[in-house]
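Student: I would like a close look at one part of this protein, please, chosen so that burial and exposure can be followed residue by residue. Please spell out each cut-off where it is first needed.

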Amino acid sequence: MATKKRKVDSECRAFNDEWTWKYFFTVVKDKSVCLICNKAVAVFKEYNISSHFTFKHKNSNYKAMSEYERKQNVESLCKKLSARQKFFKKVNTIQEAATHASYIVAYNIAKNNKAVSDGEFDKQCMLEVCDVFCPDKKNNFQTVSLSRKTVTSRIEAIYKNLTSQLESKIGQFKFCSIAMDESTDINDTVQLVLFIRGVDDNFEITEELACMRS
């Protein structure tokens, strides 16, 4: 007769606050984390947590501390952990803002038919303006990548996203029409320009440039 294996997740174990000062553990993102070495123990089980403290930190001074000393050290370690978490959260927020800013600049470069190399010039201007208005924020502006390669990849990503949105809208059209026109670029190369117009079930009209071919 086959026996069913018991899943640990089904036991609904909870972290015991007493383990914090006894074994120097706390909870971070549903995992018990050692305040001494920052190692995580996935299961909220006292045996696993106490074993980690006993064997991993057997030569440390923490084991010989009194309950009061342990609680004092736990409070200090928790403050350090909280400060590290806030620092990394701030760094991630700045990185996300820098990425967003680089997309905005790349979009405007493409929209105004400027060279992708203009991104570096734009950044130089941005940093010099920053020196005047908010010099304390200059390091944040430095993280905005506007190199030729970055601007090119941002424009390609925007193009793919807009194309995907247009394809999704076309799939919802009840009726549509196509218009063609001829245009000539600055090199006197003739371009075939294709526009599409459609209406969906909500009578929302969409008209966009579908493609352009030489």
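Tutor: A residue is called buried under 20% relative accessible area, exposed over 50%, and partly exposed in between, with a 1.4 Å probe and protein chains only. The model is predicted, so local features need pLDDT of at least 70 and side-chain atom pairs count only at pLDDT 80 or more, while totals for chains, interfaces and linings use all residues. Residues are numbered from 1 along each chain as its sequence is written, and side-chain values use heavy atoms, with hydrogens and water left out.

Before the close look, some context. The protein has 6 helices and 6 strands, taken as DSSP runs numbered from the N terminus (H or I over at least four residues for a helix, E over at least two for a strand). Along the sequence these elements follow the pattern α-β-β-β-α-α-α-α-α-β-β-β. Of the 214 residues in the protein, 23% are buried.

The part to look at is the largest nonpolar core, together with the sheet beside it in the sequence. Such a core is a set of buried Ala, Val, Leu, Ile, Met, Phe, Trp, Tyr and Cys residues joined through side-chain atoms within 4.5 Å. The largest one holds 16 residues, and those that touch the most other members are Phe15, Trp19, Tyr23, Phe24, Phe25, Leu35 and Ile49. Two or more residues come from each of α1 (18-23), β1, β2, α2 (46-56) and α3, with α3 giving the most, 3 residues.

Phe25 shows how the pieces meet. Leaving aside residues up to four places away in sequence, Phe25 is in contact (heavy atoms within 4.5 Å) with Phe15, Trp19, Thr20, Ser32, Val33, Cys34, Leu35, Lys39, Val41, Ile49 and His52. Apart from this core lies another, of 7 residues, including Ala98, Ile109, Val144 and Val151. In soluble globular proteins, nonpolar side chains tend to be buried together.

Two of the strands just named belong to an open antiparallel sheet of 3 strands in the order β1-β2-β3, where strands pair if DSSP finds at least two bridges between them. Its edges are β1 (25-28) and β3 (40-41), each of which pairs on one side only. The antiparallel pairing of β2 (residues 31-34) with β3 runs over 2 bridges, and within it Ser32 has Val41 of β3 as its bridge partner. Ser32 and Val41 are also both among the contacts of Phe25.

For contrast with the core, consider two loop residues. Asn113, in the loop between α3 (67-111) and α4 (118-133), has a positive phi near 55° although it is not a glycine, and with a relative accessibility of 71% it counts as exposed. Phe203, in the loop between β5 (190-199) and β6 (205-213), is likewise not a glycine and has a positive phi of about 60°. The relative accessible area of Phe203 is 72%, so this residue is exposed.

As for the protein in general, among contacts between residues at least 6 apart in sequence, 41% join residues at least 24 apart.
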